[in-house]
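User: I would like a close look at a single part of this structure, the open sheet and what surrounds the strands. Please keep the account plain and connected.

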Amino acid sequence: MKKNFICLIVFLLAASVFAQIDSSVITFRVVSSVPYETGMSKERWPADCEPFTFFSDFFTGNKTVFAERNGLAISGCDVDSIDFSVEEITGLPCVYINFSADAADRFATFTQNNVGNSIAMDVNGFVIFTAQLCTPIVGGRLQIGNLSRNTVYHVAEAFDCKDKIEYPANLQKIGPETKITSYDETDLKDFNQVCMNFFYSLLNDTDDFEKYVAPDSLKYVKKYREVLLRDYKNCTVRVESEGDVYSRMLNHVYYHIPTVNVYFELQNDSIFYVGEVVVNPNTSEILTLR
């Protein structure tokens, strides 16, 4: 009896995973050239379109465009496989989506009919990209490059293929109510602590964040903070405990620059944006956010 009960639990867990994958939907929508205006009457909306809002970046925050109501929807059961890679030139993640034969035909027809149009692609409502479609895409394999880590994580979660990528672990959460020990005593060698204190001061709306930022970057960071507090003041920031190191040319000399990965969450704990904080290894000042 116990053995049968355990088997039933395993079956139900497996069924719930496959149900999630099958219920995942990739949607392609044509974006209208008509710009969206706040308070715009429906009479002025382009035909068969509706406002479509998505997170763009921390300069613009949420962006709204007009997109067609009924785009091309491809369900998870029509996705044969998903692969991940890294582009050699940019070093940014790349995703390859392989469709079934039926979905490949529908996708090819959709792209052939919309060459020259701007297309928005989303997975379960999360926008992966918006770009102009230059050529038809045939063969059933869609390659998407120059992606943020967050986009890759979202796709991996939606289609249960997190084992194919290096998924974030050991993350520390910071929110408006977070209490940080020795907040004013930052170890100059602990870039992670620098970032924690930086975001703690941002979310608590203090001016202390300025002492963690390089003077040349202060104007940019203030703009970043303005959008963050306006649109995302209730979000939680997760700072990855171990950052990356990449080479960057500064004054014609290559330096190994530490970066700390930063993830922004909504109140429902879904990751909606990921960025990197670049730190000066000599002064521990934040150089940029990207």
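Analyst: What follows goes from the sheet to the nonpolar cores, then to one aspartate and two cysteines. The model is predicted.

Start with the sheet. Its 3 strands follow the order β5-β6-β9, and they pair in the antiparallel sense. The sheet is open, and its edges are β5, residues 79-86, and β9, residues 141-144. Each of these edge strands has a pairing partner on one side only. On average, and with direction ignored, neighbouring strands are turned by 15° against each other.

Between the two edges in that order is β6, which covers residues 93-99. The antiparallel pairing of β6 with β9 runs over 4 bridges. Here tyrosine 96 is found opposite glutamine 143 of β9.

A helix also belongs in this picture. Helix α3, made of residues 149-158, lies across β5 and β6, and its direction is at about 150° to that of β5.

Next comes the nonpolar core. The largest one has 32 residues, and Phe28, Ile97 and Phe99 have the most contacts inside it. Helix α3 supplies the largest share of this core, with 5 residues. Leaving aside residues up to four places away in sequence, phenylalanine 28 touches a long list of residues, including Phe99, Phe107, Phe110 and Leu142. Glu68 and Gly71 are also among the residues that Phe28 touches. Another core, of 22 residues, lies apart from the largest one; among its members are Phe191, Cys195, Phe198 and Val213.

Now look at the loop between β4, residues 72-75, and β5, where aspartate 78 is found. Aspartate 78 has a relative accessible area of 16%, so this residue counts as buried, the cut-off being under 20%. With residues up to four places away in sequence left out, the contacts of aspartate 78 are Asn98, Phe99, Ser100, Asp102, Ala103 and Arg106. Phe99 therefore appears twice in this account: it is touched by Asp78, and it is one of the residues with the most contacts inside the largest core.

Last, the cysteines. A disulfide is a covalent bond between the sulfur atoms of two cysteines. This structure holds 0 disulfides. Two cysteines can be set side by side for their surroundings. Cysteine 49 is buried because its relative accessible area is 8%, whereas cysteine 134 is exposed because its relative accessibility is 60%, and exposed means over 50%.

Definitions and conventions
Residues are numbered from 1 along each chain as its sequence is written. This is a predicted model: local features need pLDDT of at least 70, side-chain atom pairs count only at pLDDT 80 or more; totals for chains, interfaces and linings use all residues. Side-chain values use heavy atoms; hydrogens and water are left out. Two strands pair if DSSP finds at least two bridges between them. Axes are lines fitted to C-alpha atoms, for helices over the stretch in contact, and angles run from 0 to 180 degrees between N-to-C directions. Contact means heavy atoms within 4.5 Å. A disulfide is a pair of cysteine sulfur atoms within 2.5 Å. Buried means under 20% relative accessible area, exposed over 50%, partly exposed in between (1.4 Å probe, protein chains only). A nonpolar core is a set of buried Ala, Val, Leu, Ile, Met, Phe, Trp, Tyr and Cys residues joined through side-chain atoms within 4.5 Å.
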